[in-house]
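Biologist: Please show the sequence and the model, so that we may discuss the packing and the side-chain contacts in turn.

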Amino acid sequence: RKGDRLRLCHGRSSLRPPSLADAARILRDPAVARVLFAGALHWVTLAPYHTFFGAHLEHHGGGPMVIGLSIAVAVAVELAVMATAPRWLASLDPRRVLVVSTGVGVLRWSLTAVGSPAVIVAAQALHGLSYGAFYLSMVDSVVRRTSPEHRATAQALVSSLALGIGTFAGNLLAGPLYDVDQGRTLFLAAAAFSLVSMAAASRT
């Protein structure tokens, strides 16, 4: 059932706790490994947003109200994408969603880098695709290729490899790049690196 693809860890008798042996078994599937690799690359581009977005916006003319509004726009769009996920996940090819979501990052981070505060707020509407749709499609792609009894381990791999390694690597790079000019170079770098994650997503 399509609802099962969104529930990695909520089965009853068929699921078991995550294990290293199961993780190795899952990663031996090249298709799963490619999805997780693309996810890690994409999370590198999200690290600047999670760490320096507010500081960047404030430095380039946005006050606390503008920062709050921009976050509200992002959350509202993300909620809409996630609320409708059962419908679009059932009808769209996850790989296409991954490619589009990473490609949207090129536009989003470019606008965030050089736009006025108003433009940056508007660009936050792309959060639903570059974050919400990507995350759900990544999870869906892994679940499609994982047997029910291994889905708890699959969820652990998504969190630890894609999100964990991507965030770690992205944050290592984000600090020095932010110091160049308080965010513009950083977000332009994120836009350029989105092309790399889009290329990886096209091979999932």
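**Salt bridges, helix packing and core**

Biologist: What separates Arg-25 and Asp-22 along helix α1?
Modeller: Arg-25 and Asp-22 are three residues apart in helix α1, a helix being a DSSP run of H or I with at least four residues, numbered from the N terminus. Their separation is therefore about one helical turn.

Biologist: Which atoms do the side-chain values use?
Modeller: This is a predicted model, in which local features need pLDDT of at least 70 and side-chain atom pairs count only at pLDDT 80 or more, whereas totals for chains, interfaces and linings use all residues. Residues are numbered from 1 along each chain as its sequence is written; with hydrogens and water left out, side-chain values use heavy atoms.

Biologist: In the salt bridge of Arg-25 and Asp-22, is Asp-22 buried or exposed?
Modeller: The two side chains meet at 2.6 Å, N to O, where a salt bridge requires a side-chain nitrogen of Lys or Arg within 4 Å of a carboxyl oxygen of Asp or Glu. Burial means under 20% relative accessible area, exposed means over 50%, and partly exposed lies in between (1.4 Å probe, protein chains only). Arg-25 has a relative accessible area of 40% and is partly exposed. Asp-22, at 4% relative accessibility, counts as buried.

Biologist: The structure holds two salt bridges; what is the N to O distance between Asp-140 and Arg-144?
Modeller: Asp-140 and Arg-144 are four residues apart in helix α7, about one helical turn. Asp-140 is buried at 0% relative accessibility, whereas Arg-144 is partly exposed at 42%. Their side chains meet in a salt bridge with an N to O distance of 2.9 Å.

Biologist: How are α1 and α8 oriented to each other?
Modeller: Two packed helices are described by the angle between their axes and the distance between the axes. Axes are lines fitted to C-alpha atoms, for helices over the stretch in contact, and angles run from 0 to 180 degrees between N-to-C directions; under 35 degrees counts as roughly parallel, over 145 as roughly antiparallel, 65 to 115 as roughly perpendicular and the rest as oblique. Helix α1 (residues 20-27) packs on helix α8 (residues 151-181) at about 80 degrees, with axes 9 Å apart. The two helices are therefore roughly perpendicular.

Biologist: How many nonpolar residues does the contact of α1 with α8 have?
Modeller: Contact means heavy atoms within 4.5 Å. From α1, Asp-22, Ala-23, Ile-26 and Leu-27 meet Thr-153, Ala-154, Leu-157 and Leu-161 of α8. Ala, Val, Leu, Ile, Met, Phe, Trp, Tyr, Cys and Pro count as nonpolar, Asp, Glu, Lys and Arg as charged, and the others, Gly among them, as polar. By class, the contact of α1 with α8 has one charged residue, one polar residue and, as nonpolar residues, six.

Biologist: How does α8 lie against α9?
Modeller: Helix α9 (residues 184-201) packs with α8 at an angle of about 130 degrees, with the axes 6 Å apart. The orientation of α8 to α9 is therefore oblique.

Biologist: Which element gives the most residues to the largest nonpolar core?
Modeller: Such a core is a set of buried Ala, Val, Leu, Ile, Met, Phe, Trp, Tyr and Cys residues joined through side-chain atoms within 4.5 Å. The largest has 45 residues, and Trp-88 and Met-138 have the most contacts inside it. Elements that give two or more residues to this core include α2 (30-59), α3 (64-83) and α7 (127-144). With 11 residues, the element that gives the most is α2.

Biologist: How far apart in space are Gly-132 and Glu-78, C-alpha to C-alpha?
Modeller: Gly-132 lies in helix α7 and is buried, at 0% relative accessibility. Leaving aside neighbours within four places in sequence, Gly-132 is in contact with Glu-78, Val-81, Met-82 and His-127. Gly-132 and Glu-78 are 54 residues apart in sequence, and their C-alpha to C-alpha distance is 5.4 Å.

Biologist: What is the phi of Gln-182?
Modeller: Gln-182 is placed in the loop between α8 and α9 and is partly exposed at 27% relative accessibility. Most residues other than glycine have a negative phi. In Gln-182 the value is positive, near 60 degrees.
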